[in-house]
Every structure is written in C-alpha cells, then in structure tokens.
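Me: I would like to learn how to read a protein model by its strands. Could you take me through one?

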Amino acid sequence: MGARFALPRLAGLGALSVVVLAAGTADAAAQERVVRSFGPADGLLVPPVWSLAQDSVGFIWIGAESGLFRFDGAEIRRWAPNDLRDLVMDLAVSAEGRAVALSVEGRLYDLTSSGVREVDLPWMPVNTARRSGRVLAFEPGGPLWVQAGDSIWGLDPGAPRALNRGAFQGELPRGVVKAASGVFVLTDRGLWRVSRDAEPRRVWQVDVARREVVTWAVEPEPGRVLALLNVGATQAPRVVEIRDGVARDLSPAILPQARAIALVEIHGTVWAVMDRYLAALRDGAPPELLAAGEGFESGGPLLADREGSLWVGSYVGLQHYPEPDTRLWTERQGLPSRHTRFVGRSGAAIWVMTWAGPTVIEASDQGWAARDVPWDSRSPVCAAATGTAWTASGEALMRLDGVAAREVME
C-alpha cells in the first residue's frame with residue numbers, strides 16, 4: 001500500500017507536528033498515532049460503550065450503559081434522557097436515513113431530531129436481550145431485521161416475517177449485521193444471507209471441529225465478505241475473506257489469544273477489534289497490534305465513518321482515530337522542531353520547513369525516515385505540476401527534485 005499526505009490542512013500552520021497518512025511501512029508501529037479519547041469528562045457520563053452508528057446527517061450516535069448520546073463533532077449530548085434511560089445495546093441506520101436504538105429491556109426506538117419515539121413490538125421477548133451489537137440491521141432498500149431469541153424478524157410494515165432456526169437448517173441464529181445486499185445472519189455454525197424477497201442462503205460454513213464461530217462480518221463490495229472468527233475458548237481469533245463460499249485466511253501470522261468482537265475495512269486496511277487489542281491487517285505485511293501500551297483502552301464496537309475515521313467503543317469511553325493510518329512526526333521521529341511552518345511534496349518526498357530549519361521525509365523499503373538538510377530555509381514550498389517543488393534559502397532559489405535539492409539562481 002502507498003501513502004497519502006495531509007498537506008492542505010498543514011501548510012502555513014504554526015506550532016504543529018507533521019501528519020503523514022502512511023500505511024503499510026515497516027516503521028509504522030514506531031510512529032505516534034493521532035487519537036482522541038472521550039469519557040465522562042466530555043459528557044459521555046457512565047461507560048461502557050455498547051454500540052455506535054453514524055446517521056445520514058453525520059451525527060455519531062453512542063449507545064452506552066447510561067443511555068443514548070449524540071456527538072456532533074464538538075459536543076457529546078445525552079439524548080432523550082427522560083424517555084430512554086436504559087442501557088442502549090444496539091443502533092442501526094438505514095440507507096434512507098431512519099435511525100433506531102434498542103434498549104437492553106427489549107424496547108425499540110426511532111431516533112428523531114428532538115428525541116425518540118418508541119416502536120410497538122409486541123413480539124419482542126422482554127428482558128431477554130443480551131448486551132451485544134449484533135441485534136439490529138437494516139436491509140438496503142428493505143426492512144429492519146431484528147434478532148429476538150432464536151428467531152430473526154424482518155419488520156416489513158404490516159407484514160413482519162419471522163425466521164427461526166429451521167430456516168437455517170437447524171443452526172441457531174446468534175446475531176444480524178448489515179451486508180451490501182440483504183442482511184447477514186450469524187449462526188452457531190456459519191454465516192447466512194437473508195432478504196425480504198428471498199429465502200435464506202448460506203454464505204459460508206465454519207469448521208465445526210475447530211469450534212469456530214463467526215462473531216462479525218462485513219461486505220466491502222458485492223461478493224467479497226470479511227468474517228471475524230472466535231476459535232475455541234483459548235485459541236487465537238481469525239480473519240477470513242470469503243468469495244463464492246471459499247475462505248482465504250487474512251491473518252496467517254498467529255494473532256494473540258483474545259475474544260474477537262468486530263471488524264471494518266478502511267482504505268484497504270482491515271481493522272479487527274478484540275477485547276484486549278486492535279489489529280490492523282494489510283496484505284503482504286505482518287499484523288500491527290495496538291494494545292494498552294499504544295494507548296488502546298479496551299475492545300468494543302467499531303464504526304468506520306464516512307470521513308474514513310475509526311471509532312472504538314470501550315469499557316472506559318470512546319476512542320477516535322482520525323484516518324487510522326495517520327502518523328505524527330515530531331522531534332522524536334527526526335524533525336528539527338515540531339513547530340512546522342510549511343509542508344510540500346516533491347515526487348515521493350515530503351519537504352518540511354520548521355522554525356528550526358528544513359528536513360525531508362523519504363520512503364524506502366525499510367519505511368519512512370527524516371533526513372537532515374545542509375542548508376537553511378523557513379520559506380513556503382511551492383509544488384509544480386511537473387512533480388518538482390521550489391523554495392527559498394536566504395536570497396537563493398532552491399529546486400527540489402524528490403529528495404535532491406540544488407540552488408538555481410541568486
């Protein structure tokens with residue numbers, strides 16, 4: 001995988017570190033990450049966080065131990081506290097913009113611009129809902145599907161449809177998650193697809209002898225399914241890619257033993273969250289693991305928002321990784337100063353002008369590295385359409401070709 005650069009948001013800003021959106025490099029784990037944490041001091045009140053969703057407007061909805069919350073990018077606000085006081089175990093948003101929440105007491109609510117409205121569900125078993133983010137899923141262009149007991153319900157207006165374990169060849173439904181078409185049903189023996197207009201169809205059957213269980217699945221594109229597996233009680237989890245019923249292991253290197261929870265894919269990187277760590281899986285590279293030492297708090301629900309950011313719910317709050325492959329560069333990574341004035345690109349090289357002087361960041365097979373520059377400049381970097389760039393050094397004009405620089409006039 002290559003690299004993407006956050007140049008426009010940096011040029012001309014003082015007292016900032018350089019931010020490079022670089023994935024798959026050998027030294028990625030050594031770089032500092034951009035991460036924000038939210039908890040009671042930020043308005044989230046009582047964690048844990050049990051569910052996450054982003055609505056059609058862009059608000060982030062948070063289902064927590066202490067109820068429902070909405071984050072607008074600046075403030076986390078308790079939502080409808082007089083009407084929804086229970087733990088919110090799951091959230092779902094339809095392609096048409098409908099957003100719903102399910103409480104641990106088995107009550108379903110439509111989320112409105114001013115509060116919530118309870119949906120009458122006389123069939124829902126009361127006090128049997130578990131604390132899980134795998135209970136609600138909207139079918140694209142279709143109904144809301146809900147797991148209740150050992151059945152899956154499709155809530156078509158006026159004509160609800162129930163599918164019990166007989167519809168899945170005796171397998172026990174364990175949850176539902178959205179798919180590119182229809183909805184995935186997670187069973188105790190595999191993965192199925194259901195829709196309003198078709199009978200359930202098996203997507204993949206797990207290795208029962210290995211005691212595998214599908215705990216989450218996503219469909220980044222039609223016909224390509226990613227599944228996260230718990231394997232026995234003491235084995236390492238697995239991530240597989242399924243095409244036409246055939247699975248390919250995406251985690252050939254053994255992951256540490258943990259309880260698998262959920263996964264998403266962002267810009268080709270598969271992020272799988274466990275109870276004790278967050279794993280980034282990329283083709284051709286060993287897994288990158290974020291645990292407590294890297295600032296990871298604990299495993300919980302995942303959300304990939306429309307801006308390409310990753311959100312992780314935890315037992316102590318909520319973590320936000322803006323563009324999760326983003327890395328920070330400061331003095332610790334070789335910059336003369338973290339007080340960056342200007343940033344520009346010349347070919348594959350990144351030129352950084354700080355108050356303490358310039359440096360160039362270049363990529364190699366061993367990863368990204370900062371290199372000292374034997375001349376001084378604090379001037380803007382002006383990139384040309386040819387791939388070269390220009391800057392000033394004293395009274396001289398400097399031409400930047402990749403990592404090379406030469407004086408062209410005085």
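Reply: Start with a definition: two strands pair if DSSP finds at least two bridges between them. Keep in mind that this is a predicted model. Strand S26 (residues 269-274) and strand S27 (residues 278-281) meet that rule, since they pair in the antiparallel sense over four bridges.

Me: Which residue of S27 is the bridge partner of Val-270?

Reply: In general, strands of a sheet pair through backbone hydrogen bonds, either parallel or antiparallel. Here the partner of Val-270 is Leu-281 in S27. The two strands, S26 and S27, form a hairpin with three residues between them.

Me: How many bridges join S25 to S26?

Reply: Strand S25 (residues 260-266) and S26 are joined by six bridges, and they run antiparallel. One facing pair is Leu-263 and Ala-272, the latter in S26. S25 and S26 also make a hairpin, with two residues between the strands, and His-267 takes a positive phi near 50 degrees in that hairpin.

Me: Is strand S26 largely enclosed or left open by the rest of the structure?

Reply: A residue counts as buried when its relative accessible area is under 20%. Six of the six residues of S26 are buried, so the strand is largely enclosed by the rest of the structure.

Me: What do the two faces of S26 look like?

Reply: In a regular strand the side chains alternate between the two faces of the sheet. For S26, Thr-269, Trp-271 and Val-273 lie on one side, while Val-270, Ala-272 and Met-274 lie on the other. Both faces are covered, as these residues are all buried.

Me: I would like to try the reading on another strand. How many residues of S18 are buried?

Reply: Five of the five residues of strand S18 (residues 183-187) are buried, and the strand is mostly covered. Split by face, Val-183, Val-185 and Thr-187 are on one side and Phe-184 and Leu-186 on the other, with both faces covered.

Me: Which strands pair with S18?

Reply: Take S17 and S19 in turn. Strand S17 (residues 173-178) runs antiparallel to S18 and is joined to it by five bridges. Val-177 stands opposite Phe-184 of S18. The hairpin of S17 and S18 has four residues between the strands, and in it Gly-182 takes a positive phi near 70 degrees. Strand S19 (residues 190-195) pairs with S18 in the antiparallel sense over four bridges. Leu-191 in S19 is the bridge partner of Leu-186, and a hairpin joins S18 to S19 through two residues.

Me: Now whole sheets. What is the order of the four strands in the open sheet that includes S33?

Reply: The order is S33-S34-S35-S36, and the pairing is antiparallel. Strand S33 (340-346) and strand S36 (367-372) stand at the edges with a single partner strand each, so one side of each is left without a neighbour in the sheet. Neighbouring strands of this sheet are turned by 25 degrees against each other on average, direction ignored. At one end of the order, strand S35 (residues 357-364) and S36 pair in the antiparallel sense over six bridges. There Ala-363 has Trp-368 of S36 as its bridge partner.

Me: Which strands are at the edges of the sheet S9-S10-S11-S12?

Reply: This is an open sheet of four strands with antiparallel pairing, in the order S9-S10-S11-S12. Its edge strands are S9 (88-93) and S12 (116-119), each pairing on one side only. On average, neighbouring strands here are turned by 30 degrees against each other, direction ignored. Strand S11 (residues 108-111) pairs with S12 in the antiparallel sense over four bridges, and Leu-111 has Val-116 in S12 as its bridge partner.

Me: What about empty space? Which residues lie nearest the centre of the second largest pocket?

Reply: Rolling a probe the size of a water molecule over the atoms shows where empty space is left. The second largest pocket holds about 230 Å³ of space. Its lining has 17 residues, of which Leu-250, Leu-281, Arg-282, Asp-283 and Gly-284 lie nearest the centre. The lining divides into seven nonpolar, three polar and seven charged residues. Leu-281 has appeared already, as the bridge partner of Val-270.

Conventions
Residues are numbered from 1 along each chain as its sequence is written. This is a predicted model: local features need pLDDT of at least 70, side-chain atom pairs count only at pLDDT 80 or more; totals for chains, interfaces and linings use all residues. Side-chain values use heavy atoms; hydrogens and water are left out. Buried means under 20% relative accessible area, exposed over 50%, partly exposed in between (1.4 Å probe, protein chains only). Axes are lines fitted to C-alpha atoms, for helices over the stretch in contact, and angles run from 0 to 180 degrees between N-to-C directions. On a 1 Å grid over the protein atoms alone, a cavity is a set of points where a 1.4 Å probe fits but cannot get out, and a pocket is an open set with protein on both sides within 12 Å along at least five of seven lines; lining residues have an atom within 4 Å of a point. Grid points are joined across faces, edges and corners, and a volume is the space filled by probe spheres set on the points. Ala, Val, Leu, Ile, Met, Phe, Trp, Tyr, Cys and Pro count as nonpolar, Asp, Glu, Lys and Arg as charged, and the others, Gly among them, as polar.
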